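Colleague: I should be grateful for a close look at one part of this predicted model. Please concentrate on the way its helices pack, and then relate that to the sheet.

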Amino acid sequence: MGRMFAQVSRDILSAIGNTPLVEILRMIEGAKFRLLAKLEMLNPGGSMKDRPALSMIKHGIEIGRVRPDTVIIESSSGNMGIGLAQACASLGLRLICVVDPKTTKQNIGILKAYGATIELVTTPDPQTGEYLQARLNHVKTLQAQIKNSYWPDQYSNQYNPKAHRAVMNEIVRDLNGEPDYLICSTSTCGTIRGCAEYKQAHNLKTKIYAVDAEGSVIFDGKRGARLIPGHGAAVRPNLYQPGLADCCIRMTDLDCVVGCRRLARREAILAGGSSGAVIMAVEKLKSEIPPGSVVVAIFADRGERYLDTIYSDSWVADHFGADAYLWEA
Ligand SMILES: Cc1ncc(COP(=O)(O)O)c(C=O)c1O
C-alpha cells in the first residue's frame, strides 16, 4: 500500500550480487589488453562470501534443516563468517562462529556487531598442527552438543560454488559476451568452481587462471607459513577438482601488499589481500596475454579489514624490510 518506489531493495540480503565491473586503467604499465575488476568487495557484507553464505542458508531452509530455532555453526575467521553473520541477523537466526587466534580483532568485532557468538579455538589440532583442523573438530563437538544445529560446511557445500555461478553470469551479461581471461583467487574453491561450472554449462572459451597463495597446498603447492588471510588453504578443500583452472599462479604475501597498495594509489580502490595477489598475477602474465584481450580479475574483499597489516607502514616494514612499503608507487 502507499507510495510506489522506483528502485529499492527489499532487505539487505536482496542487495547481494550485481556488483560493478570497473575498468582498471593505470595499474599495468604497457598493457595491450582491457582489464576489468569485478568488485565483489562491494557486496553489503564487504566480500564475495555474502553470496554463498546466503545460498547455503537458503538451501538449509528449503530442505528443512534450518528452522527459526536452528543454531548455525561454521568455522571461519573471516569473510564467510561475516557473510553468515549478516544473513543470520537478517533472517533472525543464531550463529556460532568458530575462530582461532589468527582471527583479527576487527573481524571478531564485526561478527559480534552482527550478533554472532564467538567460539575461540586456542590450540592447533595435535595431529596436523593446523588451526583449520582444530576449528573443524570444534564445530563437530558443538554440533553434537547443540540440538537443532546446522553446519553449512563451506568447504564441501555445493551451494557455495552454485552461488558463484552468478558472478560469471553477471560478467558475461555486463560485457555483452565472455571475457578471454578470468583471474580468480582461491581458498574453498567456491568462487573458481562456480565460474568454471558456468563456463562449462555455457560453452565459454574463457581461460580461467587460479591465483593461489605461496605456502598453500590447493594446487599442489608446498605447505608453508602465510601472513595474509583469506586466500590459500593448508588443507585441500573438498570442492577442489582437477581441471578447475587452466593454470595456477602462486603469489607471495609481498605480492599482496604491493598489489593492494598500488591499487589504492593508482586506481583509488581499497581492496583486500587476495585482490593484491590477483592484480600482481596479471602483471606477471602481461607479456603472454594477447593484445586486445578482455581480462577480468575478481576483487574479493574490501581493504578496511587490512588497515593494521597491508596498509600499515610499520607492519610492512617489520615483515618485509624498511623499504618495502615504498614499492607501492
Ligand atoms: C579475501 C578472500 N579472497 C579469496 C578467497 C577465496 O575464495 P573461495 O573460498 O571461493 O575459493 C577468500 C575465501 O575466503 C577470501 O576471503
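Modeller: Helices α1 and α5 are oblique to each other, because their angle of about 130 degrees lies between the limits of 115 and 145 degrees that bound the perpendicular and antiparallel classes. Helix α1 covers residues 50-62 and helix α5 residues 159-175, and their axes are 8 Å apart. The crossing of α1 and α5 is right-handed. On the α1 side, the contact is made by Arg51, Pro52, Ser55, Met56 and His59. Helix α5 contributes Tyr159, Asn160, Ala163, His164, Ala166, Val167 and Glu170. By class, the residues of this contact divide into six nonpolar, four polar and two charged.

Glu170 deserves separate attention. This residue lies in helix α5 and is part of the contact with α1. With a relative accessibility of 5%, Glu170 counts as buried, because the cut-off for that class is under 20%. Once neighbours within four places in sequence are left aside, Glu170 is in contact with Gly17, Asn18, Thr19, Lys38 and Arg51. Of these, Arg51 is also among the α1 residues that make the helix contact.

A second helix pair, α2 and α3, provides another case. Helix α2 (residues 79-91) and helix α3 (residues 105-113) pack at about 15 degrees, and their axes are 9 Å apart. The two are therefore roughly parallel to each other, and their crossing is left-handed. Gly81, Ile82 and Ala85 of α2 meet Asn107, Ile110 and Leu111 of α3 in this contact. Its residues divide into four nonpolar and two polar, with no charged residue.

The sheet can now be considered. It is open and has six strands in the order β1-β2-β10-β7-β8-β9, with mixed pairing. The edges are formed by β1 (21-23) and β9 (247-251); each has a single partner strand, so one side of each is left without a neighbour in the sheet. Direction ignored, neighbouring strands are turned by 25 degrees against each other on average.

Lys38, named above as a contact of Glu170, falls within the range of strand β2, residues 34-39. Strand β2 runs parallel to strand β10 (residues 294-299), and six bridges join the two. Within this pairing, Ala37 has Ala297 of β10 as its bridge partner, and Leu39 stands opposite Phe299. Strand β10 is mostly covered, with five of its six residues buried.

On its other side, β10 is joined to β7 by three bridges, and these two strands also run parallel. Here Leu182 has Val296 of β10 as its bridge partner. Strand β7 (residues 181-185) pairs in turn with β8, in the parallel sense and over five bridges. Leu182 appears again in that pairing, where it stands opposite Ile208 of β8. Leu182 thus links to a residue of β10 and to a residue of β8. Six of the seven residues of strand β8 (residues 207-213) are buried, so this strand is largely enclosed by the rest of the structure.

How values were computed
Residues numbered from 1 in each chain as written. Predicted model: local features only at pLDDT ≥ 70, side-chain atom pairs only at ≥ 80, totals over all residues. Heavy atoms only, no water. Pairing = 2+ DSSP bridges. Helix = DSSP H or I, 4+ residues; strand = E, 2+ residues; numbered from the N terminus. Axes fitted to C-alpha atoms, helices over the stretch in contact; angles between N-to-C directions. Parallel < 35°, antiparallel > 145°, perpendicular 65-115°, else oblique. Left-handed = near helix turned anticlockwise from the far one by under 90°. Contact = heavy atoms within 4.5 Å. Nonpolar A, V, L, I, M, F, W, Y, C, P; charged D, E, K, R; others polar. Buried < 20%, exposed > 50% of the residue type's maximum accessible area, 1.4 Å probe, protein only.
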